[in-house]
Amino acid sequence: MAHRIKSLADYANRRFGLAGKAYLEQYNPFFVETDTARHDAQANGRNFVSFANYDYLGVSGHPAVKAAALNALEEQGVGALASRLVGGQRSTHHVLEDKLASFLGVESVLTLVSGYLTNVTAISHMMNTHDAIFLDELSHNSIISGAKAASATSHFFQHNDLDHLESLLEQKRGSYRHVLIAVESLYSMDGDIVDLPRLVEIKDRYNCWLLVDEAHSIGVLGQDGRGLCEHTGVDPNQIDLIVGTLSKTFASCGGFIAGKKPVTEWLRYTLPGFVFSVGISPVISAAASTALDIVQKETWRIEKLRHNAELFLELAHEAGLDTGPAIGRGVMPILFSDGLETVAASRHLMANGYYVPPIFQIGVPKNQPRLRFFLSATHREEDIRGVINLLARPQNQALVKGEPVSATP
Ligand SMILES: Cc1ncc(COP(=O)(O)O)c(C=O)c1O
């Protein structure tokens, strides 16, 4: 059989073309070095505000977090240097895991080197032939990849449509041994939430396990930032597996699994992404642990984030911008009608000192390109008013629609 594409480089070129490389020809909004951009702006007396970082409570640069990282670096070195099972275990690991468990109100927590990996390895490890995974169609790619990697069957239900989930379970539950329902708590691209009390009732009725990915809701939802369970009054012990990440509110890097002790203990000795991968660095586990202390001590940060996100939503609506189903917490999309328009809008904001990357082609439905904003407790009211103003003013609508862009005075 003749093959027209011979080299991997040719194949890569073609695939990148199909993935939307042409969008980047005029202006590339990706891989912006935000530290350099901030530094340059400050040196030139210009504005630079990023809405691209999920440091929801603004603790990444907190002096106590930096001090904890430095201290761990001095005492324990940079890396864990082995799988925790066989030499990579450090005192910072169990300190963080115990604190997280008590913060979340669960029996036990296990941390891994990446939030993404956490979903992939947990789902693919637990779900086998004769099992099924029912997942929201807008689930994060790590959940989808975990389901793909599992030998179980996957069934997608329409986004946040629990009637649809129920009807699928009604038809199909009987065909499988174990069934896992996987959802996000606060969806990372749309900023909306699942109806958790109803989902718990459904999973009990159909005898399923439930995985809730709280990546974007810890520190964001609930009076004390404990996530969707606190926000909805659901006992976290009713959720079979809460997964989360250290890269957002905890300003660090890594993922975690929270649940009943028998579950985390089984996974501690068998989960491939844990057993066959290095333990998280003592530096970042110490940083995340201190970030968690700050979340609990400085609760004004949670309140400030809430205020900022609600203000953003209100102003965006006043300006006639489309925020989709976002509830007005940490994640806020502004939807556009096509990819080029979205890139132009991002460029227009950047020219005025606001970094908001466009999201299109990858990670969202093709017909729903958007600017995706992460709100933070560190944003000032003027940052929020400023960015909405730039998208709202009629003359800027023209700029946003793709005409040549220059900085407004
Ligand atoms: C819902 C969700 N789960 C998991 C992850 C992966 O987390 P990490 O970036 O810490 O690997 C993300 C990343 O943004 C996410 O949005």
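Which of the 14 residues around the ligand come nearest? In this predicted model, Gly115, Ser188, Ala215, Thr245 and Ser247 are the ones that come nearest to the ligand. The shell as a whole divides into two nonpolar, 10 polar and two charged residues, and its largest share, three residues, is drawn from helix 5.

Helix 5, which spans residues 115-126, also takes part in the packing around helix 6. In helix 6, residues 141-149, the buried positions are Ser142, Ile143, Ile144, Gly146 and Ala147. These buried residues pack against helix 5 and, in addition, against four strands, namely strand 3 (132-136), strand 4 (153-157), strand 5 (179-184) and strand 6 (209-213).

A further covered element is strand 2, residues 108-112, of whose five residues four are buried, so that the strand is largely enclosed by the rest of the structure. Strand 2 pairs with strand 8 (residues 255-259) in the antiparallel sense over five bridges, and within this pairing valine 109 stands opposite alanine 258 of strand 8.

At the level of the whole chain, the division is into domain 1, made up of 27-57 + 299-400, and domain 2, covering 63-297. The C-alpha centres of domain 1 and domain 2 lie 27 Å apart, and the contact between the domains takes 20 residues from domain 1 and 18 residues from domain 2. On the side of domain 1 that touches domain 2, helix 13 (300-318) and strand 9 each supply at least two residues, with strand 9 giving the most, three residues. The residues of this side of domain 1 divide into 13 nonpolar, four polar and three charged.

Strand 9, besides its place in the domain contact, belongs to an open sheet of three strands, which are arranged in the order 9-12-11 with antiparallel pairing. Strand 9 (331-335) and strand 11 (358-359) stand at the edges of this sheet, each with a single partner strand, so one side of each is left without a neighbour in the sheet. Despite this edge position, strand 9 is mostly covered, four of its five residues being buried. The pairing of strand 9 with strand 12 (residues 370-374) is antiparallel and runs over five bridges; among the bridge partners, leucine 335 is matched with arginine 370 of strand 12, and isoleucine 334 with leucine 371 of strand 12.

Terms used. Residues are numbered from 1 along each chain as its sequence is written. This is a predicted model: local features need pLDDT of at least 70, side-chain atom pairs count only at pLDDT 80 or more; totals for chains, interfaces and linings use all residues. Two strands pair if DSSP finds at least two bridges between them. A residue is buried if 20 or more other C-beta atoms lie within 10 Å of its own, exposed if 12 or fewer, and partly exposed in between; C-beta atoms are placed from the backbone. Two residues are in contact if their C-beta atoms, placed from the backbone, lie within 7 Å. A residue is near a molecule or strand if its C-beta atom, placed from the backbone, lies within 6 Å of it. Ala, Val, Leu, Ile, Met, Phe, Trp, Tyr, Cys and Pro count as nonpolar, Asp, Glu, Lys and Arg as charged, and the others, Gly among them, as polar. Domain bounds come from an automatic or database domain assignment.
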